[in-house]
Amino acid sequence: MDALKHINRRSYITGGKRYENSAEHSWHLAMACWALANYFKLDLNIETLLKLALVHDLGEIDAGDTFLYAKDRTAAHHAERQCLQRLAGHPGNTISDLTELWEVQELGHSKEATLLKTVDRLLPFLLNISNEGKPWKENNVTKSQVSGAHAFIAETFPEIHQWVMHNIDEAVAKGWLSDD
């Protein structure tokens, strides 16, 4: 699992000097989920939420990271699932529900999985904003790509979605995203 530290994402850490790695993202995801669950006073299982956050990106050890704003993300979960099965079968693994937890975060619709998916999309967005859209500009990301990646948030967290949409418009105005 230490190999997760070697998987670079496409978001720069705050300050823009290097890419965030997937282990850092998993930790950040767990902390942000916990904080938002408390902030919104959500009735959910914090232990399950944290477990989902911790297993969320383990499949990237073999599959690598798929850029959130990529035009096609449909195949990413297949290679990640194979990695989880490999990790679950490793003789040193003592987590009996590793693959089940990964499946819940990947396909689930529980309150915990819903919050996790929201925060997982929100964190790279926040890093892009804090780095003046540097990864967006480097990868020619458009307003519709970012809006589309965050559209589902409107259903469960409308106040977060409204904030995201406002910041997307600001990013376009500042030239960080192209308006398509």
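A crossing is left-handed if the near helix is turned anticlockwise from the far one by less than a right angle, and right-handed if clockwise. Keep that in mind for the helix stops on this tour.

Before you start clicking: this is a predicted model, where local features need pLDDT of at least 70 and side-chain atom pairs count only at pLDDT 80 or more, while totals for chains, interfaces and linings use all residues. Residues are numbered from 1 along each chain as its sequence is written, and side-chain values use heavy atoms, with hydrogens and water left out.

**Stop 1: helices α5 and α6**

Helices here are DSSP runs of H or I with at least four residues, strands are runs of E with at least two, and both are numbered from the N terminus. Select α5 (residues 98–107) and α6 (residues 111–130). α5 passes α6 in a right-handed crossing. Their axes come within 8 Å and cross at roughly 65°. That makes α5 roughly perpendicular to α6. Axes are lines fitted to C-alpha atoms, for helices over the stretch in contact, with angles running from 0 to 180 degrees between N-to-C directions. As for the wording, angles under 35 degrees count as roughly parallel, over 145 as roughly antiparallel, 65 to 115 as roughly perpendicular and the rest as oblique.

Now keep α6 and add α2 (46–55). Those two axes come within 9 Å and cross at roughly 45°. That makes α2 oblique to α6, and this crossing is right-handed as well.

While you're here, click S110, in the loop between α5 and α6. S110 is partly exposed at 27% relative accessible area (buried means under 20%, exposed over 50%, partly exposed in between, with a 1.4 Å probe and protein chains only). Draw a distance from its C-alpha to that of L44: you should get 9.0 Å, for residues 66 apart along the chain.

**Stop 2: salt bridges**

The rule is a side-chain nitrogen of Lys or Arg within 4 Å of a carboxyl oxygen of Asp or Glu, and the count comes to ten. Which parts of the fold does the R9–D57 pair tie together? Select both: their side chains meet at 3.8 Å, N to O. R9 lies in strand β1 (residues 8–12) and D57 in the loop between α2 and α3 (60–63), so the bridge links parts that are 48 residues apart in sequence. Both R9 and D57 are buried.

Next, go to R81 and E103, where the closest N and O atoms are 2.5 Å apart. R81 sits in helix α4 (residues 76–88) and E103 in helix α5, so this pair ties together parts 22 residues apart in sequence. E103 is partly exposed, at 24%. Widen the view again, because salt bridges that share partners join R9, E20, D57 and D65 into one network.

For a bridge between sequence neighbours of a sort, pick D2 and K5, with closest N and O atoms 2.7 Å apart. D2 is partly exposed at 47%, and K5 is partly exposed at 49%.

**Stop 3: aromatics**

Rings of Phe, Tyr and Trp (its six-membered ring) pair if their centres lie within 6.5 Å; planes under 30 degrees apart count as stacked, over 60 as edge-to-face and the rest as tilted. The whole structure has seven such pairs. Try Y39 and F40 for an edge-to-face one, at 5.0 Å centre to centre and 85° between the planes. Y39 is exposed at 62%, whereas F40 is partly exposed at 22%.

Then select F67 and Y69, also edge-to-face, at 5.7 Å and 80°. Both are buried. Add F125, W136 and W163 to your selection and you have one aromatic cluster.

One more ring: K134 lies over the face of Y12, at 4.2 Å from the ring centre (the test is NZ of Lys or CZ of Arg within 6 Å of the centre and within 35 degrees of the ring normal).

**Stop 4: two backbone oddities**

Most residues other than glycine have a negative phi. Where do you find K41? Look in the loop between α1 and α2. K41 has a positive phi of about 50° although it is not a glycine, and K41 is exposed at 73%. N140 likewise has a positive phi of about 50° without being a glycine. Find N140 in the loop between α7 (134–138) and α8 (143–150), exposed at 60%.
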